[in-house]
Amino acid sequence: MYFKRYLMGAAVILAIMASVLITNALLSPCLVLRDGDTGKVISFYPVKEGDEFSITFVHSVNNSPVTDIYQIRNGKLYVVRTIYYSFGAGVQTEIEDGQTLDYGPDGSMIVSGFNIPMDNLSYIVGTVSDHELEIDGQSISLRELCGRNVTVRFTCEYRFNILQSKDHG
């Protein structure tokens, strides 16, 4: 009797451990784009620890390109640097502690050293000019993917490997 209970308990523990291991093996981190109003998944892209992605848009005030670069760290999104071409309202004009300013060969200004977690990263897709997502060597028009004037929320979430594709919508 005691032996049967012992075996049954061991079988239950093994079944739980196996399901946890299988679930973890099938889940992978993804950059997930959601409609900021409805929460509906628009698209997702598999990522790994340390991967970077960027959003490029034309700044509405100074009418020049701005690129914000983010990195995946411990399942979160961190802003790590920004690239811009001219000063103006809404563009960083001072370097803070821990940040550096470098100049690119094309005359761009590259501010790095932010290392700030972005718990609520959202962009409103432009009506006049597009927002471009650059990830894993792909350039994706957010206007084509999401539509104009849509708030897009970016998160890092775990999704099942079976459901993943590079351009899932």
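1. A starting point for reading this model: a residue is called buried under 20% relative accessible area, exposed over 50%, and partly exposed in between. Glu52 has a relative accessible area of 34%, so Glu52 counts as partly exposed. Please keep in mind that this is a predicted model.

2. Let's begin with the seven-stranded sheet. Its strands run in the order β6-β7-β5-β4-β3-β9-β10, the sheet is open, and the pairing is antiparallel. The edges are taken by β6 (100-103) and β10 (138-141); each has a single partner strand, so one side of each has no neighbour in the sheet. From one strand to the next, the twist averages 25°.

3. Inside that sheet, have a look at β4 and β5, which pair in the antiparallel sense over eight bridges. One place to find on the screen is Arg73, whose bridge partner in β5 is Lys76.

4. There is also an open sheet of four strands, with the order β2-β1-β11-β8 and antiparallel pairing. Which strands stand at its edges? They are β2 (41-46) and β8 (121-124), and because each has a single partner strand, one side of each is left without a neighbour in the sheet. Here the twist averages 30° from one strand to the next. The β1 and β2 strands pair in the antiparallel sense over five bridges, and Leu31 stands opposite Tyr45 in β2.

5. Now for the charged side chains. Side chains of opposite charge can pair when their charged atoms come close. How many salt bridges does the structure hold? There are three salt bridges, and the next points take them in turn.

6. In the four-stranded sheet, Arg34 forms a salt bridge with Glu157, and their closest N and O atoms are 3.0 Å apart. Arg34 belongs to strand β1 (residues 27-35) and Glu157 to strand β11 (residues 151-160), so this pair ties together parts that are 123 residues apart in sequence. With a relative accessible area of 22%, Arg34 is partly exposed.

7. In the seven-stranded sheet, the side chains of Arg81 and Glu52 meet in a salt bridge, at 2.8 Å from N to O. Since Arg81 lies in strand β5 (residues 76-84) and Glu52 in strand β3 (residues 52-58), the pair ties together parts that are 29 residues apart in sequence. Arg81 is partly exposed, its relative accessible area being 25%.

8. The remaining pair to look at is Lys48 with Asp51, a salt bridge in which the closest N and O atoms are 3.8 Å apart. Is Lys48 buried or exposed? Lys48 is exposed, with a relative accessible area of 56%, whereas Asp51 counts as partly exposed at 23%.

9. Ser112 deserves a short visit too. This residue lies in strand β7 (residues 109-117). Its relative accessible area is 18%, which falls under 20%, so Ser112 is buried. The side chain of Ser112 makes a polar contact, at 2.8 Å, with the side chain of Thr100. Leaving aside neighbours within four places in sequence, Ser112 is in contact with Val80, Arg81, Gly98, Gln99 and Thr100. Arg81, in that list, is also a partner in the salt bridge with Glu52.

10. Finally, the aromatic rings. A pair of aromatic rings is described by the distance of the centres and the angle of the planes. The count comes to four aromatic pairs. In one of them, Phe53 and Tyr70 have ring centres 5.3 Å apart and planes at 25°, so the pair is stacked. This pair links distant parts of the chain, with Phe53 in strand β3 and Tyr70 in strand β4 (residues 65-73), 17 residues apart. Phe53 and Tyr70 are both buried.

11. Tyr123 and Phe154 form an aromatic pair that is edge-to-face, 6.0 Å centre to centre with 85° between the planes. Tyr123 lies in strand β8 and Phe154 in strand β11, so the pair ties together parts that are 31 residues apart in sequence. Both residues, Tyr123 and Phe154, are buried.

12. To put the rings together on screen, select Phe53, Phe57, Tyr70, Tyr123 and Phe154, which ring pairs link into a cluster.

Notes:
Residues numbered from 1 in each chain as written. Predicted model: local features only at pLDDT ≥ 70, side-chain atom pairs only at ≥ 80, totals over all residues. Heavy atoms only, no water. Helix = DSSP H or I, 4+ residues; strand = E, 2+ residues; numbered from the N terminus. Buried < 20%, exposed > 50% of the residue type's maximum accessible area, 1.4 Å probe, protein only. Pairing = 2+ DSSP bridges. Axes fitted to C-alpha atoms, helices over the stretch in contact; angles between N-to-C directions. Polar contact = N/O pair within 3.5 Å; in protein donor to acceptor, adjacent residues only side chain to side chain. Contact = heavy atoms within 4.5 Å. Phe/Tyr/Trp six-rings, centres within 6.5 Å; stacked < 30°, edge-to-face > 60°.
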